[in-house]
Amino acid sequence: MSFIVDKNNYKLLEFAAEVMVYFEKHKIIEIAKLWIAKNIKRIAAEIYEDCLKGGKCGMVASLNMTPRYLYRVVMFGRHGSGRKTQAQYLIKRFNLILSDDTAPHDPLARELQRAFYYDKCQAKSHALANIISRRFLDCDCLRHGWILINFPHTLQDIQELMERFKIPPNKFVYLRCPEKMCMLRLINMPNMKETLQANCDYYEQEMRFFNNQEPQIESYLMKRQETIIVDASQPTNVVKTEMLSLIEKTPYLMGFKHDLIEK
């Protein structure tokens, strides 16, 4: 039996050697590298164009890219823009995992608590990003996709999320809603009546922070393929319909827009 195994192993090695020589002789590896270098952006642009046209060109269908697509979604916007409400629609439709709190004994959670205690903004963001990044490597997130609604907060947070996470989001939903409308929604929430003044002070502070961050964040998001901008001042069902349409229309676009060649 060992002789047969050895003989088969020898034949396998012999075949591999012959293939290697054939590749060297006909410059197959060099040709493959050259072809990839010349065509990868062109193919990406064709997929991009087909996504924009709703698959009418047949590029996406020919590659069998539609089945079991896993969405990794960030819901971004002001308090009161409807992030949680719209996130629930996406969770039900695509069976996504909602990011949850980390256990108190987790060392990263303790790092975050210390950062909040000493009010170090950069340390807060770094610790929170570490917790979220590790959570997205869990099996349930890898198998089902995920949605994130309470992070990021600043441009630095977004850059960390989009450019340095091992598993970055492939959809960044920006629910754009005016400050006055968001405040009106928040004030009319049932739990606001008992501590209205305290809650208003908190939300006004949050709005000021968002206003300071919004211009540079929006400038960055407009450069990314993953960005979907939805007018969240509309009724909830209208926002949901528009959001779902945009998400499903271009499901395979990631990275900066200038990374794809113009046709």
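Here are some notes on this predicted model, from overall make-up to cores, helices and confidence.

1. Overall make-up. The chain has 263 residues, and 35% of them are buried. DSSP runs give eleven helices and five strands. Looking at contacts with a separation of 6 or more, 71% join residues 24 or more positions apart. As for the outside, the accessible surface is about 16,800 Å², with carbon and sulfur atoms supplying 57% of that.

2. The main core. Start with the largest nonpolar core, which holds 25 residues. If you want to find your way into it, look at V73, M75, L90, I147, V173 and I247, the residues with the most contacts inside this core. Two or more residues each come from β1 (72-77), α4 (83-94), β4 (171-176), α9 (179-187), α10 (196-221), β5 (227-231) and α11 (236-249). In general, nonpolar side chains in soluble globular proteins tend to be buried together.

3. L90 as a way in. Which residues does L90 touch once neighbours within four places in sequence are set aside? The partners are V73, M75, N95, L96, I147, M243, L244 and I247. Among these, V73, M75, I147 and I247 are also on the list of residues with the most contacts inside the largest core.

4. A second core. There is also a separate nonpolar core of 21 residues, and V74, I132, F136 and W146 are among its members.

5. Helix α8. This one spans residues 155-164, and the buried positions are L155, D157, I158, L161 and M162. Those five sit on the same side of α8 because their arc around the axis is only 160 degrees.

6. Helix α9. Here C182, M183 and L186 are buried. Viewed down the axis of α9, the buried residues stay within an arc of 100 degrees, so they line one face. K180 and L184, on the other side of α9, are exposed. As background, an α-helix has 3.6 residues a turn, so residues three or four places apart point the same way.

7. Confidence. Mean pLDDT for the chain is 81, and 76% of the residues reach at least 70. Which elements sit at the lowest and highest mean pLDDT? Helix α5 (residues 107-117) is the lowest with 60, while β4 is the highest with 97. β4 is also one of the elements that give two or more residues to the largest core. At the start of the chain, residues 1-5 stay under 50, and the model shows zero contacts for them beyond four places in sequence.

Conventions. Residues are numbered from 1 along each chain as its sequence is written. This is a predicted model: local features need pLDDT of at least 70, side-chain atom pairs count only at pLDDT 80 or more; totals for chains, interfaces and linings use all residues. Side-chain values use heavy atoms; hydrogens and water are left out. A nonpolar core is a set of buried Ala, Val, Leu, Ile, Met, Phe, Trp, Tyr and Cys residues joined through side-chain atoms within 4.5 Å. Buried means under 20% relative accessible area, exposed over 50%, partly exposed in between (1.4 Å probe, protein chains only). Helices (H or I, at least four residues) and strands (E, at least two) are DSSP runs, numbered from the N terminus. Contact means heavy atoms within 4.5 Å. Accessible areas come from the Shrake-Rupley method with a 1.4 Å probe; for residues, only the protein chains shown count as cover. The arc is that of the directions from the helix axis to the C-beta atoms. pLDDT is the predictor's confidence in each residue, from 0 to 100.
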